[in-house]
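Colleague: I'm new to this one. Can you take me through it and tell me what stands behind each label?

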Amino acid sequence: MRDWKRDNRTDRNMEAYSDFAEVYDELMDDTPYEAWCELLMGIFRRYGVDDVSKTADRAINDTDVRNEKTENNRKAGGLTERTADSEETADGSMDQNLRQERNTILDLGCGTGALTELLARRGYDMIGVDNAEEMLRIAMEKRERSGLDILYLLQDMRELELYGTVGTVVSVCDSVNYLLTEEDIVQTFARVNNYLYPQGIFVFDFNTVYKYAVVIGDATIAENRENCSFIWENYYHEEEEINEYDLTVFVAEEKNASVAGGNPEGQTGCGEIMQGETGQAFCQARLCENVQAQRFRRFQEVHYQRGYRLEQMKALLLQAGLEFLEAVDGDTHGEVTEESGRIYVVARKGVETAANQTVVLDADI
């Protein structure tokens with residue numbers, strides 16, 4: 001068994017995805033984000049999250065209703081018109097703000113924003129939260145290129161803090177597995193519950209104990225690509241049901257320049273100094289071999305993830321005040337079995353919490 005300090009595992013997780021962020025998208029290019037997006041949108045529709053394709057029609061209908069009310073107020077004349085207009089403006093503004101919150105989706109553990117951008121392109125108002133600064137930097141570079149209106153926040157999911165509520169929270173690609181204790185899970189779920197709009201839903205996935213113990217186990221995975229390569233050494237700690245993977249990544253740097261293109265006079269691609277006619281001839285003979293050589297930068301990261309069981313997650317949701325709705329197999333999208341490796345869970349804001357939140361909102365009004 002590998003040794004580590006129990007007290008700093010979570011802290012080390014918080015520092016992960018620094019250098020790895022640089023090549024994350026390239027190494028994860030086979031991740032089925034499109035399929036995940038479609039699965040999530042199906043869940044949204046099933047539980048009443050507004051179909052954003054109808055947003056424009058709804059906005060037009062809302063405008064027609066307001067115009068009709070304003071015309072009626074004018075006919076009433078005088079002070080009644082001015083008072084009604086003032087009340088209508090306030091009500092309309094409040095309704096619009098609440099509707100916007102209800103249709104906002106929070107991507108918790110958004111990483112480089114791959115799924116965040118897909119949902120934003122579908123028309124949802126998106127907020128992305130992640131604790132890895134370098135991952136968010138890449139996400140914001142994508143946002144700059146796409147022009148999508150996405151708010152990104154650098155936060156630890158256990159300390160989530162928003163300015164208002166959101167209609168839906170999603171957390172995919174086993175972000176929840178980076179929470180290594182049940183206390184961390186409950187704390188995060190409670191934060192989610194706190195910021196969900198009444199009747200809002202929480203959709204997350206997690207890797208199971210079965211996946212880490214049986215499917216992955218103590219395995220070594222290596223992959224060689226043109227611009228980067230990696231070695232993934234996996235260790236499963238059965239007693240604590242914690243999966244450790246030590247990741248070694250080699251990232252290609254710029255190819256060495258040719259001698260004619262800027263190397264010091266008489267220096268070959270391998271850095272050897274050659275002088276005289278013999279040296280020049282030797283350099284030319286080795287030019288193809290050395291100048292075309294490519295340097296790779298090597299870095300390492302260690303990640304820890306804990307496996308969980310569905311019944312365990314149901315209990316933790318209940319502790320956090322959330323209502324469990326359903327679970328599906330992450331691969332088959334069917335019924336969860338003992339051999340499910342990834343499970344999607346759908347939960348809803350607890351009734352008691354929603355009632356308390358409604359009282360607060362009414363008091364503010």
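Modeller: Sure. Let's begin with pairing: two strands pair if DSSP finds at least two bridges between them. Keep in mind that this is a predicted model.

Colleague: What makes β7 and β8 (residues 242-252) a pair, then?

Modeller: The cut-off is at least two bridges, and β7 and β8 have ten, in the antiparallel sense. One of the bridges has Trp232 with Leu247 in β8 as its partner. Four residues lie between the strands of this hairpin, where Glu241 takes a positive phi near 55 degrees.

Colleague: And how do you know that β6 (residues 220-224) pairs with β7 (residues 228-237)?

Modeller: By the bridges again: five of them, also antiparallel. Ala222 stands opposite Ile231 in β7, and the hairpin that joins β6 to β7 runs through three residues.

Colleague: There's an open sheet too. What makes β3 and β10 its edge strands?

Modeller: Each of them pairs on one side only. The order is β3-β2-β1-β4-β5-β11-β10, seven strands with mixed pairing. Within that order, β5 and β11 run antiparallel and are joined by seven bridges. Asn207, for example, has Arg342 of β11 as its bridge partner.

Colleague: Now the helices. How do you know that the length of α7 agrees with what a helix should span?

Modeller: At 1.5 Å a residue, its 14 residues should span 20 Å, and the end C-alpha atoms are 20 Å apart, so the two values agree.

Colleague: Which residues of α7 are called buried, and why do you put them on one side?

Modeller: Buried means under 20% relative accessible area, and Met135, Leu136, Ile138, Ala139 and Lys142 meet that in α7. They cover an arc of only 160 degrees around the axis, which means they sit on the same side of α7. On the other side, Glu133 and Glu144 are exposed. After α7 comes Gly147, with a positive phi near 75 degrees.

Colleague: Last one: what makes a group of residues a nonpolar core?

Modeller: Its members are buried nonpolar residues joined through side-chain atoms within 4.5 Å. The largest such core here has 36 residues, and those touching the most other members are Leu40, Phe44, Leu119, Tyr124, Val203 and Tyr344. Several elements give two or more residues to this core, including α7, β5 and β11, while α3 gives the most, with eight. Apart from this core lies another, of 32 residues, among them Leu106, Leu153, Leu310 and Ala347.

Colleague: And which residues does Tyr344 touch?

Modeller: Among them are Trp36, Leu39, Leu40, Val203 and Phe204, leaving aside residues up to four places away in sequence.

Definitions and conventions
Residues numbered from 1 in each chain as written. Predicted model: local features only at pLDDT ≥ 70, side-chain atom pairs only at ≥ 80, totals over all residues. Heavy atoms only, no water. Buried < 20%, exposed > 50% of the residue type's maximum accessible area, 1.4 Å probe, protein only. Contact = heavy atoms within 4.5 Å. Expected span 1.5 Å × (residues − 1). Arc of directions from axis to C-beta.
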